[in-house]
Amino acid sequence: MTSAGRDPGLQPERTRLAWRRTTLSCTVVALLAGKQALHGGASPAGIVALSLSVLAWLGFLRVANRRVQGMGTARPRPLGARAALTAAACTVALAVFAAAMLF
């Protein structure tokens with residue numbers, strides 16, 4: 001089968017939806033972190049944690065957006081190691097910053 005006649009099936013659509021769900025989850029975590037940081041007054045540590053959470057969220061959002069757009073091609077390229085590492089690091093960072101705000 002030629003690349004012009006390739007039927008990608010539903011895998012690219014499932015991958016796009018998975019990236020969107022993960023982006024939504026990261027957005028919720030970032031918003032909850034913001035709420036926690038500003039609850040009862042903003043402390044300097046809370047502001048730093050909130051700022052770092054927003055930076056991690058923006059980093060993940062950038063990787064996810066590029067991946068979702070890349071899935072729209074006839075033959076999507078595999079996710080690069082750098083993008084995968086960035087997405088994983090941003091996700092872990094969001095979790096760490098959110099947990100740090102609890103203490």
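The protein chain has three helices and zero strands, and this is a predicted model. Read from one end of the sequence to the other, the pattern is α-α-α. Helix 1 covers residues 11-38, while helix 2 spans 44-70 and helix 3 spans 81-102.

Some totals describe the chain as a whole. It has 103 residues, and 24% of them count as buried. The exposed area of the protein chain is about 7100 Å². Carbon and sulfur atoms supply 65% of that area. Among the contacts in the protein chain with a separation of 6 or more, 79% are between residues 24 or more positions apart.

Helix 1 offers an example of residues that lie far along the sequence from their partners. R16 has its place in this helix. Which residues does R16 contact, once its neighbours within four places in sequence are left aside? They are V68, M71 and G72. V68 falls within helix 2, which runs over 44-70. With M71 there is also a polar contact: the side chain of R16 reaches the backbone oxygen of M71 at 3.0 Å, and the cut-off for such a pair is 3.5 Å.

E13 is another residue of helix 1, and M71 comes up here again. E13 and M71 are 58 residues apart in sequence, yet their C-alpha atoms are 7.9 Å apart in space. Is E13 buried, exposed or partly exposed? Its relative accessibility is 33%, so E13 counts as partly exposed, because that class takes in values between the 20% limit for buried and the 50% limit for exposed.

The remaining topic is the empty space around the protein. Rolling a probe the size of a water molecule over the atoms shows where such space is left. The largest pocket has a volume of about 400 Å³. Its lining is made up of 13 residues, and those closest to the pocket centre are V63, R66, L79, R82 and A83.

Which helices each supply at least two residues of this lining? Helix 2 and helix 3 do. The largest share comes from helix 2, with six residues. V63 and R66 lie within the 44-70 range of helix 2, and R82 and A83 within the 81-102 range of helix 3. By class, the lining of the largest pocket holds five charged residues, four polar and four nonpolar. Among the residues closest to the centre, R66 and R82 belong to the charged class, and V63, L79 and A83 to the nonpolar class.

Note on methods. Residues numbered from 1 in each chain as written. Predicted model: local features only at pLDDT ≥ 70, side-chain atom pairs only at ≥ 80, totals over all residues. Heavy atoms only, no water. Helix = DSSP H or I, 4+ residues; strand = E, 2+ residues; numbered from the N terminus. Polar contact = N/O pair within 3.5 Å; in protein donor to acceptor, adjacent residues only side chain to side chain. Contact = heavy atoms within 4.5 Å. Buried < 20%, exposed > 50% of the residue type's maximum accessible area, 1.4 Å probe, protein only. Areas by Shrake-Rupley, 256 points an atom, 1.4 Å probe, with all protein chains shown as cover. 1 Å grid on protein atoms, 1.4 Å probe; cavity = no way out; pocket = protein on both sides within 12 Å on 5 of 7 lines; lining within 4 Å. Points joined across faces, edges and corners; volume = space filled by probe spheres on them.
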